[in-house]
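This report concerns cysteine pairing, one helix and the largest pocket of a predicted model. Please consult the sequence and the structure shown here.

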Amino acid sequence: MDTDWTYDGQEEKAFEKGLRILEAGCTLSEFGTRRRRDYHTQALVFRGLVNASKKAVEKGLPGKLTGTSNVHLAMRFNLAPIGTVAHEWFMGIAAITNDYENANEEALRRWVACFGEGVLGIALTDTFGTPAFLKSFSKPVRHLPGTPGVATDATQPSRTYAQIFTGVRQDSGDPASFVKLMREFYDSQGIKDKKTIVFSDSLDIEKCIEYKRVSDERGFHSSFGVGTYLTNDFTQLSTGKKSVPLNIVIKLSSAAGNPAVKISDNIGKNTGDSVKVAEVKKLLGYVEKDWEGGDETKRWGTDETTAKA
């Protein structure tokens, strides 16, 4: 266990990072619970972000801090708990039904049946690859009986999932390519509403600013869930070099006795039983992609590179 670090400067560092992101006009959420060094770190970081948000309001900056994915910190600081549907929702339904061709649609259908149209409306696209997801996303909603706000005897044709969801979340692959793909998809569906893209894949200040620019150019709202860069940014006391964060990935292993897998939009984020992963890729016609920024094991540095620095 690495103990060669202290909490010194964490709140101040988060304040400066938050202010820069808000100055750039970004909508920021703190997503660092899973990747934090510990709870106290996250509390210090979020306090810094809250103070940056107050300063941003005073200065009339265009960005906004919307909240945190940590429910306890949201309560402590009286801000909203912020999050989206997780990969495990799609993984679990696919494993239980063992029907990967229809798992995305079934997951979307049951989500809408629970929360209603337009509520918690950010869809996660990449559990089994975004192209396969978009085939389901373009289908009319098949409402389950008792869906909030929907009459069981409704005779009007259902809108599609793409129409009723507020937007999508990008969590793997090349973000610029994803934005282009989603622009082409929404245009092909004749959807004119301005949708949102939530970015949540290993973000830092420069990436937030760049992905906002790309989203603006394509006519999207953008939002940024930032984790490791905020809650696991330390230096070693003895060397002054970066203290490398653990690469923590938490996913379902199985459900109903069946293996649960995620194949994502780049090979570096595949998880689960390798035989099942290969089977699902073949079934869905998954096209293997590799992105230069997709190797999770090296995104935040390695002990080897730190030692050589």
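**Cysteine pairing**

How far is the sulfur of C208 from the closest cysteine sulfur, and in which residue does that sulfur lie? The distance is 5.4 Å and the partner is C26, too far for a bond. A disulfide is a pair of cysteine sulfur atoms within 2.5 Å, and the structure holds 0 disulfides.

C26 is buried (under 20% relative accessible area with a 1.4 Å probe, protein chains only; exposed is over 50%, partly exposed in between), its relative accessible area being 0%. C208 is likewise buried, at 0%.

**Basis of the model**

Residues are numbered from 1 along each chain as its sequence is written, and side-chain values use heavy atoms, with hydrogens and water left out. The model is predicted: local features need pLDDT of at least 70, side-chain atom pairs count only at pLDDT 80 or more, and totals for chains, interfaces and linings use all residues.

**Helix α6**

Helices (H or I, at least four residues) and strands (E, at least two) are DSSP runs, numbered from the N terminus. Helix α6, residues 130-137, is mostly covered, with 6 of its 8 residues buried: T130, A132, F133, L134, S136 and F137.

**Largest pocket**

A pocket is an open set of points on a 1 Å grid over the protein atoms alone, where a 1.4 Å probe fits, with protein on both sides within 12 Å along at least five of seven lines; lining residues have an atom within 4 Å of a point. The largest pocket has a volume (the space filled by probe spheres set on the points) of about 700 Å³.

Its lining comprises 32 residues, with F31, R34, R169, D171 and K251 nearest the centre. Helix α4 (87-97) and strand β7 (221-226) each supply at least two lining residues.
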